[in-house]
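Biologist: I am new to this structure. Please take one part and look at it closely, and set it in its surroundings as you go.

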Amino acid sequence: MAELSSPMDLPRIEAAVREILIAVGEDPERDGLLDTPGRVARAYVEAFAGLHADPAEVLSKRFAVDHQELVIVRDIAMYSTCEHHLLPFHGKAHIGYLPRNGYVTGLSKLARLVDVFARRPQVQERMTGQIADALVEHLDVLGVIVVIEAEHLCMSMRGVRKPGASTITSAVRGILARNATTRAEAMALLGFGPR
Ligand SMILES: Nc1nc2c(ncn2[C@@H]2O[C@H](COP(=O)(O)OP(=O)(O)OP(=O)(O)O)[C@@H](O)[C@H]2O)c(=O)[nH]1
Ligand SMILES: [Zn+2]
């Protein structure tokens, strides 16, 4: 996801940002704004790097561990961009999976996988499902649960203006979708157990 190898058209982003500045009534030639189109272009390269990242590559390395039970990583910081307003939504992703035949992935790869799908124009529901589906497809797990909780700035700073509202989405696949007991155990470990 390095900036230098980005296939994105930075000059085109810069030209568009300059147009937006003019359209809202700003002067793109004033001192403070001179470098802004370039900065925004570089920020977009980061924010949308997931469009050019491959989930299969992130999950390509796996290793055998004698563990047939749940693996849970919770509180993975997540920053994404809502595709309706191009404003950030951010929060935490929680992932639990049941390895098949004792094959696991590196813990950091789960966080990298979140970034692959978060760094795109997104809606939270689709991103949640994409992370779960990628784990089923590329890690070959028995079951997976993904829960994402996030605040959408398009709901906080504009529009309905309700800061603090938390949107929680989940996606469950495989044995965790079929077996209520295993799912309840996973939900409890993820911090969403019975209160
Ligand atoms: N389901 C879902 N909705 C989202 C997400 N991100 C933003 N939205 C919503 O997308 C909707 C877009 O609604 P529109 O009526 O087309 O746009 P709008 O006039 O800007 O809507 P308001 O935000 O209500 O002012 C809004 O209700 C947003 O809150 C998301 O990840 N999932
Ligand atoms: Zn939005």
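Modeller: Of the 195 residues of this protein, 29% count as buried. The model is predicted. Its C-alpha atoms fill a box of roughly 60 × 40 × 20 Å along the principal axes. Eight helices and seven strands make up its list of elements. Take the contacts with a separation of 6 or more: 72% of them join residues 24 or more positions apart.

The domain assignment gives domain 1 (10–47) and domain 2 (57–189). The centres of these two domains, taken over C-alpha atoms, are 33 Å apart.

The part I choose is α4, residues 107–118. This helix has twelve residues. From its first C-alpha to its last it reaches 17 Å, close to the 16 Å expected at 1.5 Å a residue. Its buried residues are Lys-109, Leu-110, Leu-113, Val-114, Asp-115, Val-116, Phe-117 and Ala-118. Lys-109 and Asp-115, both on that buried list, count as charged.

What do these buried residues pack against? Their partners are α3 (55–58), β2 (71–82), β3, β4, β5 (121–122) and α5. That list holds both helices and strands.

Now zoom in on one residue of α4, Leu-110. Is Leu-110 buried or exposed? A residue needs 20 or more C-beta neighbours inside 10 Å to be buried. Leu-110 has 24, so it counts as buried. Leave aside its neighbours within four places in sequence. Leu-110 is then in contact with Val-73, Ile-76, Ile-95 and Thr-105. Val-73 and Ile-76 fall within the bounds of β2 (71–82). Ile-95 falls within β3 (88–98), and Thr-105 within β4 (103–105). One more distance helps to place Leu-110. Asp-133 is 23 residues away along the chain, and its C-alpha atom is 13 Å from that of Leu-110.

Two loops fit in here. The loop between β3 and β4 holds Asn-101. Most residues other than glycine have a negative phi. Asn-101 has a phi near 55°, a positive value. With 8 C-beta neighbours inside 10 Å, Asn-101 counts as exposed. The other loop follows α5, one of the packing partners of α4. Between α5 and β6 (143–152) sits Asp-140. Its phi is positive too, near 60°. Asp-140 has 13 other C-beta atoms within 10 Å, so it is partly exposed.

Helix α5 also leads to the ligand. The residues around ligand 1 are Cys-82, His-84, Val-123, Gln-124, Glu-125, His-152, Cys-154, Met-155, Gly-159 and Val-160. Which elements give two or more residues to this shell? They are α5 (124–139) and α6 (153–156). By type, the shell divides into five nonpolar residues, four polar and one charged.

One shell residue, His-152, has a spatial link to Ser-166. The two are 14 residues apart in sequence, yet 7.9 Å apart in space, C-alpha to C-alpha. Ser-166 lies in the loop between α6 and β7 (167–174). With 10 C-beta neighbours inside 10 Å, Ser-166 counts as exposed. Beyond four places in sequence, Ser-166 is in contact with Glu-149 and Glu-151.

For a contrast with α4, turn to α2 in domain 1. Helix α2, residues 36–47, also has twelve residues. It reaches 16 Å from its first C-alpha to its last, close to the 16 Å expected. Pro-37, Ala-41 and Val-45 are buried in α2. They cover an arc of only 85° around the axis, which puts them on the same side of α2. Arg-39 and Ala-43 are exposed, on the other side. The buried residues of α2 pack against α1 (10–23).

Pro-37 shows this packing in detail. It has 21 other C-beta atoms within 10 Å, so it is buried. Not counting residues up to four places away in sequence, Pro-37 touches Glu-14, Val-17 and Arg-18. The C-alpha atom of Leu-21, 16 residues away along the chain, lies 9.0 Å from that of Pro-37.

Back to α4, then. Its buried residues pack against α3, β2, β3, β4, β5 and α5. Those of α2 pack against α1.

Methods:
Residues numbered from 1 in each chain as written. Chains lettered and ligands numbered in written order. Predicted model: local features only at pLDDT ≥ 70, side-chain atom pairs only at ≥ 80, totals over all residues. Near = placed C-beta within 6 Å. Helix = DSSP H or I, 4+ residues; strand = E, 2+ residues; numbered from the N terminus. Domains from an automatic or database assignment. Expected span 1.5 Å × (residues − 1). Buried ≥ 20, exposed ≤ 12 C-beta atoms within 10 Å, placed from the backbone. Arc of directions from axis to C-beta. Contact = placed C-beta atoms within 7 Å.
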